[in-house]
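User: I should like to learn how to read the main features of a protein model. Could you take me through them in turn?

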Amino acid sequence: EAKSHKMVVKATDGGGLSAHCKVQVEVLDVNDNAPEIALTSLSASIPEDAPPRTVVALFSVRDRDSGDNGRTECVIDGDLPFSLSPAFDNYYELRTSAALDRERTAEYNISITALDWGATRLSSRESLLVQISDV
């Protein structure tokens, strides 16, 4: 919430003499906040004939820490026909990356993990259920 604090210290002795001093305390950030995933939009159903690179979801990732502690990256767990693309700022698009076949797989439970770049990496996970509609 604050990177530094400034104050004035006054010291007075028993004889009434005093002195003033300005003190500035710099606060070092520690990696104590995990990234937060906020889903902006989700297509809960995708037709099986959707071309590769079709946008399925848009979400943002935010970490309240600073520096590398607040820098994030996102990954999809598992080998699924979906990929993540950076959109703008801290927004990502979840897109199809291959042809879909409803008869083989009718729905996907996609787990997205956001990790920060701190020395001790913190993470959070969001699961999205995407249905494949028949064509």
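Analyst: The following dialogue treats the sheets, the core, a loop residue, the salt bridges and the record annotation. Please note that the model is predicted.

User: Let us begin with the sheets. What holds the strands of a sheet together?

Analyst: Strands of a sheet pair through backbone hydrogen bonds, and the pairing is either parallel or antiparallel. In this structure, one open sheet has four strands in the order 3-5-8-7, with antiparallel pairing. Strand 3 (36-42) and strand 7 (82-86) are at the edges with a single partner strand each, so one side of each has no neighbour in the sheet. On average, neighbouring strands of this sheet are turned by 25° against each other, direction ignored.

User: How many bridges join strand 3 to strand 5, and which residue stands opposite Ala38?

Analyst: Six bridges connect these two strands, which run antiparallel. Opposite Ala38 stands Ser60 of strand 5.

User: Which strand order is found in the open sheet with mixed pairing?

Analyst: That sheet of four strands follows the order 4-10-9-6. Its edge strands are strand 4 (45-47) and strand 6, each of which pairs on one side only. The twist from one strand to the next averages 30°.

User: How should I read the mixed pairing strand by strand?

Analyst: One takes each pair of strands separately and notes its direction. Strand 4 and strand 10 run parallel and are joined by three bridges; here Ser45 stands opposite Gln131 in strand 10. Strand 9 and strand 10, by contrast, run antiparallel, with nine bridges between them. Two positions serve to align this pair: Asn109 is opposite Leu129, and Ile112 is opposite Glu126. The connection from strand 9 to strand 10 is a hairpin through six residues.

User: I turn now to the interior. Which residues touch the most other members of the largest nonpolar core?

Analyst: A nonpolar core is a set of buried nonpolar residues whose side chains are joined by contacts. The largest one here has 20 residues, and Phe82, Leu94 and Ile110 touch the most other members. The elements that contribute two or more residues to this core are strand 5 (55-62), strand 6 (72-76), strand 8 (91-96), strand 9 (107-116) and strand 10 (123-133).

User: What does Phe82 touch, leaving out residues up to four places away in sequence?

Analyst: Its partners are Val56, Ile76, Leu94, Arg95, Thr96, Ser97, Leu100, Tyr108 and Ile110. Two residues of that list, Leu94 and Ile110, are also named with Phe82 as touching the most other members of the core.

User: Where is Asn69 found, and is Asn69 buried or exposed?

Analyst: Asn69 lies in the loop between strand 5 and strand 6. Because buried means under 20% relative accessible area, Asn69 counts as buried at 15%. Apart from neighbours within four places in sequence, Asn69 contacts Asp29, Val30, Asn31, Asp63, Asp116, Gly118 and Ala119.

User: How many salt bridges does the model contain, and how should I examine them?

Analyst: The count comes to five. For each pair one may read the distance, the position in the chain and the accessibility of both partners. Glu36 and Arg62 meet through their side chains at 3.2 Å, N to O. Glu36 belongs to strand 3 and Arg62 to strand 5, so this pair links distant parts of the chain, 26 residues apart. Both partners are partly exposed, Glu36 at 35% relative accessibility and Arg62 at 46%.

User: Which parts of the chain does the pair of Glu73 and Arg121 tie together?

Analyst: Glu73 lies in strand 6, whereas Arg121 lies in the loop between strand 9 and strand 10, so the salt bridge ties together parts that are 48 residues apart in sequence. The closest N and O atoms are 2.9 Å apart. Glu73 is partly exposed at 28%, and so is Arg121 at 41%.

User: Are Arg95 and Glu93 buried or exposed?

Analyst: Arg95 is buried at 14% relative accessibility, and Glu93 is buried at 18%. Their side chains meet in a salt bridge of 2.7 Å, N to O.

User: Finally, what does the UniProt record place on this chain?

Analyst: The unreviewed UniProt entry places the feature "domain: Cadherin" at residues 1-37 and 38-135. Residues 1-37 are 0% helix and 54% strand, with end C-alpha atoms 20 Å apart. Residues 38-135 are 0% helix and 54% strand, and their end C-alpha atoms lie 31 Å apart.

Conventions
Residues numbered from 1 in each chain as written. Predicted model: local features only at pLDDT ≥ 70, side-chain atom pairs only at ≥ 80, totals over all residues. Heavy atoms only, no water. Core = buried A, V, L, I, M, F, W, Y, C linked by side-chain atoms within 4.5 Å. Buried < 20%, exposed > 50% of the residue type's maximum accessible area, 1.4 Å probe, protein only. Contact = heavy atoms within 4.5 Å. Pairing = 2+ DSSP bridges. Axes fitted to C-alpha atoms, helices over the stretch in contact; angles between N-to-C directions. Salt bridge = Lys/Arg side-chain N within 4 Å of Asp/Glu carboxyl O. UniProt positions renumbered as here; feature names shortened; annotations may be inferred.
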